[in-house]
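Visitor: Could you walk me through this structure and tell me how each description is arrived at?
Guide: Gladly, let us look at it together.

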There are 2 protein chains.
Amino acid sequence: MGKRMGKQTIKIESKPRIIATYSIVGPKEGEGPLKDYFDFILKDDLNGKNSYEKAESSILYSAITECIKKANLTEQDINYLFAGDLLNQISSSNFAARDLNIPFIGLYGACSTMTESLSIASIFMDGGYANNVVAATSSHFSSAERQFRFPLEYGSQRHPTAHWTVTGAGAMLISKEGNFPYVKYITTGKVKDYGITDANNMGAAMAPAAIDTIKQHFQDTGTTPKDYDLIATGDLGKYGKTITEKLLKVYGYDINSIYMDCGDKIYGGDQATNAGGSGCGCSAVVDCGYIYKNMLNGKLKRVLILSTGALMSTTSSLQGETIPGIAHAVSIEFGV
Amino acid sequence: MGKRMGKQTIKIESKPRIIATYSIVGPKEGEGPLKDYFDFILKDDLNGKNSYEKAESSILYSAITECIKKANLTEQDINYLFAGDLLNQISSSNFAARDLNIPFIGLYGACSTMTESLSIASIFMDGGYANNVVAATSSHFSSAERQFRFPLEYGSQRHPTAHWTVTGAGAMLISKEGNFPYVKYITTGKVKDYGITDANNMGAAMAPAAIDTIKQHFQDTGTTPKDYDLIATGDLGKYGKTITEKLLKVYGYDINSIYMDCGDKIYGGDQATNAGGSGCGCSAVVDCGYIYKNMLNGKLKRVLILSTGALMSTTSSLQGETIPGIAHAVSIEFGV
């Protein structure tokens, strides 16, 4: 059973193991620098469906079912599915869950969903409430673009600080036994809003939440940047990453040498994605792909992942509201 | 620590207590038959704000903060807030959480959110991961109407099987000590879809999920309708309620004498709400008001509450998708 540490952190004592992950990405992500780490690269980002929304739901479904297969389990073995996505009413997740015979907990944390779902999954495992659970999320460039901005057909020009929503889905299967990376701490974030109103600068909107959660994680656990081989934020992009590095240094934490941002890392400089990737799928596929596989091969032993979410809706933005952000942190260890 | 029972149920051993609840409703709900059970009735459903969305967020914020006050606690005492709502990107909850200094887990289960949040809250309490948590949700007739159907100004006619979204917010504070109603079982639902496409007949869309979860609850726990003084579904309305009663009888469970539906109960027959109430706020305010207060006064000792969610989005409906449903059950006991 877990132990509360400080204000926002739980020490997960029972080492729930991430025994399998699965990541699917779109063609553009499959041309980026992390392409070799993904399990499947779509040739067609419609995935044979007749809408982008159905395509997104289908890749989330595939990520979940393929992850279960990879772990040599079946749907019947999974006690809970924790999932969410960016679309209104998390429709990608609801429709994926419809085709699965698994009790379902729907989440919404915008792009923070991968670590939100992994956090709750870890609690359910640690407390003995489940034997196997799946944490998953997805996003799709074209469904997000037309929901939050404009349909692609508009061909609208992109702001230099704008992000490119990742087409991708990631799933993690958490279980009890075996020699696999395991969850050690979870630090649940608070909603932070520093008054950013520009929906084309989500890195700046989310950075305060990431900074707050990282700082709180260090304070709660007594760890420092030296205790980690890698700290990976979700989708702050290159501008949000710079803010995070600088402000954490002001707070006395120099993370620069071990810090990456999934959104900054997923696309190459020649891919015209401006600030970098975003979307629930961004940290999901980088965590399930690049980070998990580098833990399995021994290159990373102690990792802190933080998915980061911008919590606006189109309605809140039209009504002049600023953009709140949230970040949840999960530390994972292997071979320490 | 909890114990798995059957396929979808956890027995919550530590009796997490619901030490306080708070319910706020709109003027129409305040004229209905349950009016004496609500803590606060709005005179103006805009609550002094300049949009219905901001009004909804403000009543959710009030329900949470007033619930904390009623328990003689402060924000600092609350380890987690679990909340969600119907609006795109659960903006009511995100913006309410922005003004609270509490770690936040955002949920989306449509109108199933009250028991979804209470289920996760119970797990966090039972496992020893928290000392005090709040589970909350809200809905607003006017924000839901213009998001899912039409702005009120359209004056569109309502179908006989249509529901009326409840303007209301409910919050429960779950803690460790004291002589209060406590959670005994949670049964987490699966997504069920029996092919209903009519968004004006959500009772029929959600009934299969409610039936499935009730049946599974009985099977997992070995309980029967005789073990309960009340079984209360969330917002099936009068048509969904009839389907649920009839089909459960076919499965061998006659619940009629102890069965109510919050949506069927919240409005009077003269209030022209057709099938009855719906929305996350519907079961929230009835559970926090009528049911909780009747447990405190000893009239109800063993209750099974099920909030029920219809998981469509406007996009999924426009794309010809059917309406999936989900229902999560929580049993609560007091003075047994």
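Guide: This is a predicted model, and a good place to begin is where the two chains meet: about 5000 Å² is buried between chain B and chain A, with carbon and sulfur atoms giving 57% of that area.

Visitor: What makes an area count as buried between chain B and chain A?
Guide: Buried area is the accessible area that two parts lose on being put together, summed over both, so the value covers both sides. On the chain B side, Gln89(B), Arg98(B) and Tyr129(B) lose the most area to chain A, together 16% of what that side buries.

Visitor: How many residues does each chain bring to the contact?
Guide: Chain A brings 58 residues and chain B brings 58 residues. They are counted because they have heavy atoms within 4.5 Å of the other chain.

Visitor: Why is the crossing of α5(B) and α6(B) called right-handed?
Guide: The word applies because the near helix is turned clockwise from the far one by less than a right angle. Here α5(B), residues 202-221, and α6(B), residues 237-250, pack at about 35° with their axes 8 Å apart, and their crossing is right-handed.

Visitor: Which residues of α5(B) and α6(B) make that contact?
Guide: From α5(B) come Gly203(B), Ala204(B), Ala207(B), Ile211(B), Ile214(B) and Lys215(B), and from α6(B) come Gly240(B), Ile243(B), Thr244(B), Leu247(B) and Leu248(B). By class they are seven nonpolar, three polar and one charged. Gly counts as polar in this scheme, so the glycines belong to the polar group.

Visitor: And what about the helices of chain A?
Guide: In chain A, α5(A) and α6(A) pack at about 35°, with axes 8 Å apart, and the crossing is right-handed. Among the residues that meet are Ile211(A) of α5(A) and Leu247(A) of α6(A).

Visitor: What makes a residue part of the lining of the largest pocket?
Guide: A lining residue has an atom within 4 Å of a pocket point. The largest pocket, with a volume of about 560 Å³, has 30 such residues, and Gln147(A), Phe148(A), Arg149(A), Ser313(A) and Thr314(A) lie nearest its centre. Helix α9(A) gives the most, four residues. The lining has 17 polar, seven nonpolar and six charged residues.

Key:
Residues are numbered from 1 along each chain as its sequence is written. Chains are lettered from A and ligands numbered from 1 in the order in which they are written. This is a predicted model: local features need pLDDT of at least 70, side-chain atom pairs count only at pLDDT 80 or more; totals for chains, interfaces and linings use all residues. Side-chain values use heavy atoms; hydrogens and water are left out. Axes are lines fitted to C-alpha atoms, for helices over the stretch in contact, and angles run from 0 to 180 degrees between N-to-C directions. Helices (H or I, at least four residues) and strands (E, at least two) are DSSP runs, numbered from the N terminus. On a 1 Å grid over the protein atoms alone, a cavity is a set of points where a 1.4 Å probe fits but cannot get out, and a pocket is an open set with protein on both sides within 12 Å along at least five of seven lines; lining residues have an atom within 4 Å of a point. Grid points are joined across faces, edges and corners, and a volume is the space filled by probe spheres set on the points. Buried area is the accessible area (1.4 Å probe) that two parts lose on being put together, summed over both.
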